[in-house]
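Got your viewer open? Let's take a short tour, one selection at a time.

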Amino acid sequence: MAPSPVFFPEDLIGEIFSVLPVKSILRFRCLSKSYDTLISHPVFVKLHLKKSTLQNPQFLLITDHDVRIPGPGFSPDGSDAEYDRDRGIIPYSIRSLFENPSFTISVDPFYLMENKGCSRIVGSCNGLICLAGDSYDEYQKYWLRLWNPATRIISPTFGYFHEECNPRDEDIPFLFDGYYKFSFGCDNSTDTYKVVAYRYNKRQRRSNVRILSLGDNVWRDIESFPVDPILLDSPCQDFEYDGLYFRSTINWLAIPNEIDYNVYDTKDIPVEQFVIVSLDLMTETYNRYLLPRDFDEMPHRIPTICLLGDSLCFSYFYKKTDFIIWQMKKFGVEDSWTQFLKVSCHNLQIDDDLSDEHFIKYSLRLEPLFLSEDGDTLVLDYCQDFQAIIYNRRNNRVERTNITALRRINDDGIGRCTSKYYFESLVSVF
Amino acid sequence: MAQEASSSTSSKTISLKTGDGEIFEIEASAAKQMKTVQRLIDDLGDDITIPLHNVFSKELPKIIEYYKKDITGEITKDFEAEFVKDLNDDEVKVLFLAANYLDANKLFEFLSQNIADRLESKSVEYVRKYFGVENDFTPEEESKLREERAWSFRGIKEDE
């Protein structure tokens, strides 16, 4: 007869807890004082973080949508309603996506930006999401907030800075040097989270880049980009050409800004001028990486970089007939570029869309999002919709998601969308 | 049980004796996956019956079954699901502790995940009882914590 164990070692319980979802872990803080301490201990947080990437990878649908404000008359048919724009996220699990690509989503006020005093989602790293807000009255102002949606904790605003916009003297021309964009990452050597702010300065004719480390909360100006990221001077935070965080670096696809280019009309862009600019968050200096040598023909849409299966990847449409993904097998080693996938648009079942020139110019977008652990299943974000393409490399099967937005009477209309990879963590926002 | 005399090491079997005195056979290559057993073999030799004081006759056959599949590379998600299907929460717990004692890493990780899956939606009271954890919060402290994290208490299963 086996005696029942009177004592279950705490470290064993820690092992079991480290693979639980955040919601359960936080509930179990009530077990006892020592578990309350265990769960908030940095060692446990790190262990959980490490396992979380494999446990339950998720996507964040980052949505722009209209928020309905009932009109002053509260008319029953809503004809006097007004609409405001807000941004938010909708997390969903990749595993459940594979099990059932057809599901419903709805907007949860908890995940909206406006009630947090922010207007954009900068990026996510280790389960933390960086938000930014800006406003303009006398000055163009910016601020940040750090949010962990899994633990439901958000930091106060920090990183506030402002720029002069208005002329003090009417003889001096209007001063506005350019909008800042942001990127978010972590210096893994010191576990320091950093935010990078950057823009093209029209007056100085070069980029301005500054970094803030969480903790000391002071913006430090660093050198300009050696080569300017694509669309650096566009006024919006454009998700496709945002900085990509990877292993303590932030990466951008770049092209010398002496070259005049138009993202909608790419035929005259010299393909050999493309380069990846990589900002090392540890040293706060830049590296430059060339693209694969076999990338020698300019596609109709500017290529993009992304992360797949723990490698930096580079993808583009080839001659409107194929989609190609390259993988930098060893980060930083240009010789390690390997062609990971070449799949025809026909096999992806998007070839009908490619017959429309207007569509190709303005709407076409295919962004690799996620590769399953066994390397067989690839999820791709397609266009501005919130549908994704699930492609199985082994048997060449394609499935489209069928995500429907729940619309209730006072509900929001979900507009433009993009998807980002994300996973839960217990990491503190402070 | 008579030990098989074999000239080739690949079909060598090791005899294991549980804490309640029963003897089970296991192939040497499977025994290698359990670091505690391997250490005992290294110390005592592989011709002796290896004593496992903290593992009992209820659990050991199940563990042997798992590693038999492991050495032939046949562990699949379906096998693992089937393996734990008929075990209740307490039986899995005992198996998990045995895997820990035997330093059988693969089984340990699999059972950690299985226990986590079982506990995910359980109440705090159930988990306390399950692990034998004593509640040292005062009622006021506990209700404060519960209030702060009220959202994490939604959607919990009823305790059986």
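Start by selecting chain B and looking at its contacts: among those between residues at least 6 apart in sequence, 59% join residues at least 24 apart. Keep in mind as you go that this is a predicted model.

Now switch to a cartoon view of chain B. You should find eight helices and three strands. Trace the chain along its sequence and the pattern reads β-β-α-α-β-α-α-α-α-α-α.

Next, turn chain B around to get a feel for its dimensions. Its C-alpha trace spans about 65 × 30 × 25 Å along the principal axes. The radius of gyration of chain B is 20 Å, while a compact globule of 160 residues would come out near 15 Å.

Time to put a surface on chain B. About 8900 Å² is exposed, with carbon and sulfur atoms supplying 48% of that area. As for what's tucked away, 43% of the 160 residues of chain B count as buried.

Colour the charged side chains of chain B next. There are 22 positive and 35 negative ones, and the centres of the two sets lie 2 Å apart.

Last stop: the cysteines. How many disulfides are there over all chains? The count comes to zero. Select A:C313 to see one case: the nearest cysteine sulfur belongs to A:C306 and is 5.0 Å away, and A:C313 is in no disulfide. A disulfide needs two cysteine sulfur atoms within 2.5 Å, so that pair doesn't qualify. A:C313 is also buried, because its relative accessible area is 0%. Then click on A:C30, which counts as buried because its relative accessibility is 2%, and the cut-off is under 20%.

Note on methods: Residues are numbered from 1 along each chain as its sequence is written. Chains are lettered from A and ligands numbered from 1 in the order in which they are written. This is a predicted model: local features need pLDDT of at least 70, side-chain atom pairs count only at pLDDT 80 or more; totals for chains, interfaces and linings use all residues. Side-chain values use heavy atoms; hydrogens and water are left out. Helices (H or I, at least four residues) and strands (E, at least two) are DSSP runs, numbered from the N terminus. The radius of gyration is taken over C-alpha atoms; the globule rule is 2.2 Å times the number of residues to the power 0.38. Buried means under 20% relative accessible area, exposed over 50%, partly exposed in between (1.4 Å probe, protein chains only). Contact means heavy atoms within 4.5 Å. Accessible areas come from the Shrake-Rupley method with a 1.4 Å probe; for residues, only the protein chains shown count as cover. Lys and Arg count as positive and Asp and Glu as negative; His and the chain ends are not counted. The place of a charge is taken as NZ of Lys, CZ of Arg, CG of Asp or CD of Glu.
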